[in-house]
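I opened this notebook to look up pockets and helix packing, and I keep the entries in the order in which I checked them.

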Amino acid sequence: MFNCPICGNSMKVEQSVSLVCEKQHCYDISKQGYVNMLFHTTKTKYDRALFESRNIISRSGFFDPMLEGISNRILQAQGADRGGELKILDAGCGEGSHLMEVVSQLEERQSSHKVLGVGVDIAKEGIVMASKAGADQVWCVADLAHSPFADRQFDFIMNILSPSNYAEFRRLLADDGMVIKVIPGDDYLQELRKMFYSQTSKESYSNDHTMELFSRHYERIDSERIQYRVVLDSKRMNHLINMTPLSWGASPETCEQTMGDEMEVTVDFTVLYGWN
């Protein structure tokens, strides 16, 4: 499944502790089970505290309707006569909760396919958390622009609230595969937007540009809107604010004022499906 991100040659596992390519580029498999395939240092705002908050929010059921919708579409798309192993890549997987939930749902609802989940993220802290919680899946620290996978490896590629690299998606996707991209809907967390960015251009949001860009890259596309409301107690509101990039441009005073209160928030996703 792996190609070396430096030279592009195929790789093999040596003594269960390393991935080594034909030109002897070597990547150690950590004790936790993930492999770090970055060949340059990166700086990111996605730290351990953010991923811990996201994991708590995820386990509270905040994302469940969206993830169930994705699982349903995968089950519909794979067909009853499709045998063998089903491989799903989560590009920008964070701490892995989305991928683990989708794999769990698929395994519970069908028995004809073995499901392999592969998560990749540039943020090491997220992959460390993912590998501890999801030992049955494959976890990689890697740059999506130089992803360490061979061509046409994945039946489905999920890209949930994360930047895309459509050229890589096209290379990695199997001939009859599907890309599943989740973007915020226009009303996603509108309550926080109003509090953080009242009377500024950031108070409103449109995903039209992202949808138009997606449509340029796929001959066949489909979309659905998944919208619901969630009541979060004060502790979960704190974690929601900690995990969302919406808070990055808000003043610390505004964030502190929002924390500590129970709130009902709007969850609004647009799920895009694309076929090459």
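**Pockets and helix contacts**

I began with the residue classes around the largest pocket of this predicted model, and its lining divides into 22 nonpolar, seven polar and six charged residues. I then looked up the volume of the largest pocket, which comes to about 950 Å³. The lining is made up of 35 residues, and I noted that Tyr46, Leu161, Ser162, Pro163 and Pro245 are the ones that lie nearest the centre of the largest pocket. Tracing the lining back to secondary structure, I found that helix H1 (48–59), strand S6 (114–121), strand S9 (173–184) and helix H6 (190–197) are the elements that each give two or more residues. Of the elements, S9 gives the most to this lining, with four residues.

I turned next to the second largest pocket, where I read a volume of about 170 Å³. For this pocket I listed 14 lining residues, with Ile29, Gly33, Gln137, Val138 and Trp139 nearest its centre. When I sorted the lining of the second largest pocket by class, I obtained nine nonpolar and five polar residues, and no charged residues.

**Entry on H1 and H4**

Since H1 had already come up in the lining of the largest pocket, I checked how it packs against helix H4 (residues 124–133), and I found an angle of about 45 degrees with the axes 8 Å apart. Angles from 35 to 65 degrees fall between roughly parallel and roughly perpendicular, and H1 and H4 are therefore oblique to each other. I recorded the crossing of H1 and H4 as right-handed. On the H1 side the contact is made by Arg48, Phe51, Glu52 and Asn55, and on the H4 side by Glu125, Gly126 and Met129. By class, I wrote down two nonpolar, two polar and three charged residues for the contact of H1 with H4.

**Entry on H2 and H3**

What angle do helix H2 (residues 64–78) and helix H3 (residues 97–109) make where they pack? I read about 50 degrees, with the axes of H2 and H3 9 Å apart, and that angle makes H2 oblique to H3. The crossing of H2 and H3 is right-handed. I listed Leu67, Glu68, Ile70, Ser71, Asn72, Ile74 and Leu75 as the residues that H2 brings to the contact, while H3 brings His98, Glu101, Val102, Gln105, Leu106 and Arg109. My last note on the contact of H2 with H3 is its division into six nonpolar, four polar and three charged residues.

Terms used:
Residues are numbered from 1 along each chain as its sequence is written. This is a predicted model: local features need pLDDT of at least 70, side-chain atom pairs count only at pLDDT 80 or more; totals for chains, interfaces and linings use all residues. Side-chain values use heavy atoms; hydrogens and water are left out. On a 1 Å grid over the protein atoms alone, a cavity is a set of points where a 1.4 Å probe fits but cannot get out, and a pocket is an open set with protein on both sides within 12 Å along at least five of seven lines; lining residues have an atom within 4 Å of a point. Grid points are joined across faces, edges and corners, and a volume is the space filled by probe spheres set on the points. Ala, Val, Leu, Ile, Met, Phe, Trp, Tyr, Cys and Pro count as nonpolar, Asp, Glu, Lys and Arg as charged, and the others, Gly among them, as polar. Axes are lines fitted to C-alpha atoms, for helices over the stretch in contact, and angles run from 0 to 180 degrees between N-to-C directions. Angles under 35 degrees count as roughly parallel, over 145 as roughly antiparallel, 65 to 115 as roughly perpendicular and the rest as oblique. A crossing is left-handed if the near helix is turned anticlockwise from the far one by less than a right angle, and right-handed if clockwise. Contact means heavy atoms within 4.5 Å.
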